[in-house]
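Q: Please take a close look at one part of this structure, the place where the ligand sits. I am new to it, so go step by step.

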Amino acid sequence: METSFELERIVQILKETVGRKQESVALHEPVFAGNEWVYVKECLDTGWVSSVGRFVDRFERMLAEYTGAGYAIAAVNGTAALHVALLLAGVKPGDEVIIPTMTFVATANAVVYCNAVPHLADIEPETLGLDPDKLDQYLHDIAVVNREECLNRLTGRPIRAVVPMHSFGHPVNLDKLLAVCEKYRLVLVEDAAESLGSFYKGKHTGTFGKLAALSFNGNKIVTTGGGGAILTNDPELAKLAKHLTTTAKLPHSWEYVHDRTGFNYRLPNLNAALGCAQLEQLPAFLDRKRRLADNYRAVFAGVPGVTFFTEPEGARSNYWLNVLLLDEKYADRRDDLLAATNAAGVMTRPAWTLMHRLEMYNQCPRMDLSSAEDIAGRLINIPSSANLVDK
Ligand SMILES: *Cc1c(COP(=O)(O)O)cnc(C)c1O
């Protein structure tokens with residue numbers, strides 16, 4: 001018998017809010033309603049489909065302009081962008097890099113691609129991202145700053161960088177996190193893969209750290225099919241980012257000379273063409289996603305057992321993936337709710353498996369992760385495509 005947790009009512013509300021027109025509702029679908037065909041056709045007609053072409057440059061200019069970053073360097077995907085961002089932040093083999101345990105696996109993988117060690121940190125309920133106060137206290141307990149370098153006293157390894165992730169498009173508390181980084185001489189690199197269109201105190205996410213990574217995977221707020229970008233304000237780092245992502249080839253009309261082991265990480269023109277058309281529609285996508293979030297907030301207000309997650313104070317979120325949190329006492333009903341919604345044709349899913357529960361990362365150094373465990377245990381993502389509300 002259902003008593004105060006009204007599972008059927010929640011399913012019904014979701015169906016009425018987003019499922020009226022469709023048999024089944026996806027979690028996040030791309031919308032191609034602009035110049036996609038025109039720009040992609042231009043690539044085919046002119047033969048410029050690969051890693052050189054006018055759309056790549058244009059896409060980078062549009063990204064820099066929209067985010068306010070000094071420079072944007074397009075890459076094949078967000079993971080590759082984060083990999084290069086971490087290398088340019090000075091992450092070296094044997095270093096430790098602080099990341100939230102609640103993130104997509106790419107954050108941890110990019111650290112390991114640098115032969116560094118992910119060091120797992122807890123999240124806070126207000127932002128669903130890194131908890132700066134808890135990190136401060138933890139570093140106070142386990143770290144020491146020695147000659148401008150932060151050392152983990154337990155492992156003897158340098159802690160080099162902090163990589164916050166703006167979960168589902170909700171900005172972390174950047175003011176506090178920057179203060180912690182300053183105090184412990186850590187480099188801030190933002191995993192802004194989910195937060196294109198999200199602002200913290202009026203400034204775009206991804207422009208607070210020394211570098212940041214964006215993603216344009218098929219399920220992100222705008223897509224290039226697959227793609228990513230590095231953001232930075234530093235002209236030298238921007239130049240190096242371009243160099244490293246283009247096989248570290250020295251400019252020459254015919255000679256192939258490379259001055260280090262670079263990467264073939266450049267975004268193809270074909271994908272950038274799609275990206276240009278998508279970025280033109282970003283303001284419209286953001287508007288629709290905000291209206292969808294407003295709808296959800298309204299329909300779930302007063303429904304017992306669940307809370308619709310709203311953007312943190314001081315932040316303007318893109319509402320990339322909407323979040324419904326079950327009350328603590330109904331955490332054990334999460335899987336029932338996932339099963340019932342998916343069976344009803346409304347796609348939902350839980351948060352990613354926490355990094356410290358994945359086999360390859362369960363030995364990583366970590367702090368107490370109880371808040372992430374609590375939140376991940378009662379969080380579900382609900383349908384969030386821009387086309388779920390009218391234009
Ligand atoms: C999407 C995403 C990435 C990058 O993903 P790609 O598929 O490589 O573009 C990185 N971190 C997070 C948190 C993401 O959600």
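A: Here is a walk around the ligand, followed by a short look at two sheets.

Keep in mind that the model is predicted. Start with the site itself. The ligand sits in the second largest pocket. Around the ligand there are 15 residues. Gly 78, Thr 79, Glu 194, Ser 215 and Lys 220 come nearest.

What is this shell made of? By class, eight of its residues are polar, four are nonpolar and three are charged. Two helices contribute to the shell. Helix H4 spans 78–88 and helix H5 spans 106–113. Each of them supplies at least two of the shell residues.

Now look at single contacts. Begin with Gly 78, one of the nearest residues. A backbone N or O atom of Gly 78 lies 2.7 Å from an oxygen atom of the ligand. Lys 220 is also among the nearest residues. Here the side chain takes part: an N or O atom in the side chain of Lys 220 is 3.3 Å from a ligand oxygen atom. Asp 191 faces another kind of atom, a nitrogen of the ligand. The distance from that nitrogen to an N or O atom in the Asp 191 side chain is 2.8 Å.

How much of the ligand does the protein bury? Taken alone, the ligand exposes 380 Å². The protein buries 92% of that.

Next, the sheets. One open sheet has three strands, in the order E9-E8-E13, with antiparallel pairing. Strand E9 (203–204) and strand E13 (315–316) are at the edges, each with a single partner strand, so one side of each has no neighbour in the sheet. Strand E8 covers residues 199–200, and two bridges join E8 to E9. Phe 199 stands opposite His 204 in E9.

Another open sheet has four strands. Their order is E12-E14-E16-E15, and the pairing is antiparallel. At its edges are strand E12 (306–308) and strand E15 (349–350), each pairing on one side only. Strand E14 (residues 322–326) pairs with strand E16 (residues 379–382) over four bridges. Across this pair, Leu 324 stands opposite Ile 380 in E16.

Terms used:
Residues numbered from 1 in each chain as written. Predicted model: local features only at pLDDT ≥ 70, side-chain atom pairs only at ≥ 80, totals over all residues. Heavy atoms only, no water. Near = heavy atom within 4 Å. Polar contact = N/O pair within 3.5 Å; in protein donor to acceptor, adjacent residues only side chain to side chain. Areas by Shrake-Rupley, 256 points an atom, 1.4 Å probe, with all protein chains shown as cover. 1 Å grid on protein atoms, 1.4 Å probe; cavity = no way out; pocket = protein on both sides within 12 Å on 5 of 7 lines; lining within 4 Å. Sits in = over half its atoms within 2 Å of the grid points. Nonpolar A, V, L, I, M, F, W, Y, C, P; charged D, E, K, R; others polar. Pairing = 2+ DSSP bridges.
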